[in-house]
Amino acid sequence: MVVAMEVDSESNLLQRKQSLYHSLDESFEIGKEVYRGQQYSQIYYARLHLMRTLLYSLLPNWKPHLPVCTVLGLEEGKECIIVGTLYKHMKLKPSVLDEYSKERSAAPLVQRHNFTHPDDNLVLEDESGRVKLSGSVLLPSTYVTGMIAALHGKETSAGDFLVEDVLEAGLPQQIERPIDLGEDKYVVFVSGLSVGRSSSNPLQFQLFVDHITGHLGDVKEQNIAAQIVQVVIAGNSVEVPHGLLNGQNLGSKDQSRLFEPIKELDILLTQIAASIPLDIVPGSSDPANFALPQQPLHRCLFPGSSAYNTFRSCTNPHCFELDNIRFLGTSGQNIDDLGKYSEANSSIEFMERTLRWRHLAPTAPNTLGCYPFTDKDPFYVETCPHVYFVGNQDKFETRLIKEGQMVRLICIPRFADTGVAVVLNIRNLECHTLSFATQIHSLEEGMM
C-alpha cells in the first residue's frame, strides 16, 4: 500500500517507502487447540524431546569420547553425559500456602522482586528419574526451572551428580539475511503506552504520533519519517483502573470509565494506521488472555484503526518478516519472570540467555502462565531472528551479537514512564531512540 505524506502543499507529496511483510504468528495461535483437561507435563515432554534431539546432534563435536547415560543408569565415579530438564529448588519461591497465610495474618508478607537465595540448588530430571546437581560450574543463580541442558560429570558417593561442564543449545541458525537492501528503511518500536493511567501524559504520545506520521518537523525530518515502514506496539497499551475489576456488575458510568482508555487508544492508533503499517501486541495489562501465548486483541476494540488494512492485531510472542529480515519479540513477561527467579546484570543479558537456550519462556509453565500444549512447545526458537525485541523494560538497552551471524537485541522502555521509542534501520540493524520527554517538559514550562 502506497501512502502519501502531506508536506506543505497538496502538490508536494512524499511517498512512504514500502516493505514486504510476512506474519509468522501461526505457531502462537491456539484457535485450533482443544482443552481436554490436560496437564502441563506434556509440554515439558515435548520440550525435552525437541531439545534432547538437538543436543544429541551437538555431542559429537563437544565430547565424543564420553558415553550418554540416563539418570537411572548413572554409576558412581564413572564420567558420562546426561541430558534433561533442570529444576531449581528455591527457598523463597512463593507458594499457595504462603498466599493463604498472608490472607490470614494481620501483618502482610514482604513483597519481593527477586526470589533467589544462596541456598538454591539444581536438579536434573529425565523420564527415568532425577538427580541433585553439585559443583561450581552450574550456578543456580543463572539457571531456571524448565531449561534443557547436557551435563558432563560423574555421580558422587553422596548420590549427587558432580557437574564438570555444561552444553547449552546455543544460537540457532538464521535465514539468510539480504546482503544489500539498498536503502534505509526504519521500524519503530514502542511499548508501555498505558493509556488511561492517571499519571500518563496524552500529549507525549500525540507528539510521537505526529512525528512518525510526518506532521512535525521540517522537510528533512519528514523525509526521514517517510522511510518508516512499520510500527510495532509491544504490549501494555492501556491501563484500566484496578478498582473496577472486582468481579461486581458495573454501572453505566463505570462501564464508560472501563472502555474510555481503549477508545482513546483507538483514536491515536487510527492516526498511525492511516499512514504506516501497524502491529499491536497484547501485554499483561491489556484486555487479552493472561496466559502465554496471548492471542490478538479483538478487532472490535478498535473500530477506527481496524478499518485500515495497515492495522494488524498480533499474538504475544510476535514473529514476522520484513524484507526477509526476521523479527521476534514479546511484551516482556518472559524477561520479567526470569528477573524474579534468576540473576543477571541487565535485561539484555536475560534476552541473550533465552536465545542461547533456544527458548523464549523457559519458566513457563512453572512460574509463567501458558497454555497446556500437548504435542508442541511454541516457545522453542527453531530459527534465530535477526532482531529480537522485548517491551516494557525499565530502560533502553541494545546489543549486537556477532557469531557468524548478526542478531540485534532491543529492550524497549515503557513509553509512559520514559517518553522513549526505539527506531531500527533494517538495512544495517543499527538502532537509536526517539525521546519525547524533554519536549513535554519544555512545553509545560512554557505554559507556566
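This is a conversation about reading the cores, a helix, the cysteines and the cavities of a predicted model.

Trainee: Hello! Which residues touch the most other members in the largest nonpolar core?

Mentor: Let's begin with the general idea. In soluble globular proteins, nonpolar side chains tend to be buried together. Here, the largest nonpolar core has 52 residues, and Ile82, Leu133, Leu138, Leu151 and Phe161 touch the most other members. Helix H7, residues 347–356, gives this core its largest share, four residues.

Trainee: Where does this core lie relative to domain 1 and domain 2?

Mentor: Between them, because both domain 1 (21–33 + 173–435) and domain 2 (63–93 + 115–167) give residues to it. There is also another core, apart from this one, with 32 residues, including Leu207, Ile212, Leu278 and Ala421.

Trainee: What is phenylalanine 161 in contact with, leaving aside its neighbours within four places in sequence?

Mentor: Its contacts include Leu74, Cys80, Ile82, Val131, Leu133 and Leu151. Lys132, His152 and Glu155 are also among them.

Trainee: Back to H7. How many of its residues are buried?

Mentor: A helix has a rule worth knowing. An α-helix has 3.6 residues a turn, so residues three or four places apart point the same way. In H7, eight of the 10 residues are buried, so this helix is largely enclosed by the rest of the structure. Among the buried ones are Ile348, Phe350, Met351, Glu352, Arg353 and Leu355. Their cover includes helix H6 (333–341) and strands S16 (387–393), S17 (397–402) and S18 (406–413). After H7 comes arginine 358, with a positive phi near 60 degrees.

Trainee: Now the cysteines. How many disulfides does a search of the whole structure find?

Mentor: Zero. You can still compare individual cysteines by their accessibility. Cysteine 300 is exposed because its relative accessible area is 55%, over the 50% cut-off. Cysteine 384 is at 0%, under the 20% cut-off, so it counts as buried.

Trainee: And valine 240, is it buried or exposed?

Mentor: Valine 240 is buried, with a relative accessible area of 14%. You'll find it in the loop between strand S11 (228–234) and helix H5 (252–273). Its C-alpha atom is 8.3 Å from that of phenylalanine 259, which is 19 residues away along the chain.

Trainee: Last one: how many cavities of 30 Å³ or more does the structure hold?

Mentor: Rolling a probe the size of a water molecule over the atoms shows where empty space is left. This structure holds three such cavities. The largest has about 60 Å³ of space, and its lining includes Lys88, Met90, Val144, Tyr341 and Asn366.

Notes
Residues are numbered from 1 along each chain as its sequence is written. This is a predicted model: local features need pLDDT of at least 70, side-chain atom pairs count only at pLDDT 80 or more; totals for chains, interfaces and linings use all residues. Side-chain values use heavy atoms; hydrogens and water are left out. Helices (H or I, at least four residues) and strands (E, at least two) are DSSP runs, numbered from the N terminus. Buried means under 20% relative accessible area, exposed over 50%, partly exposed in between (1.4 Å probe, protein chains only). A nonpolar core is a set of buried Ala, Val, Leu, Ile, Met, Phe, Trp, Tyr and Cys residues joined through side-chain atoms within 4.5 Å. Domain bounds come from an automatic or database domain assignment. Contact means heavy atoms within 4.5 Å. A disulfide is a pair of cysteine sulfur atoms within 2.5 Å. On a 1 Å grid over the protein atoms alone, a cavity is a set of points where a 1.4 Å probe fits but cannot get out, and a pocket is an open set with protein on both sides within 12 Å along at least five of seven lines; lining residues have an atom within 4 Å of a point. Grid points are joined across faces, edges and corners, and a volume is the space filled by probe spheres set on the points.
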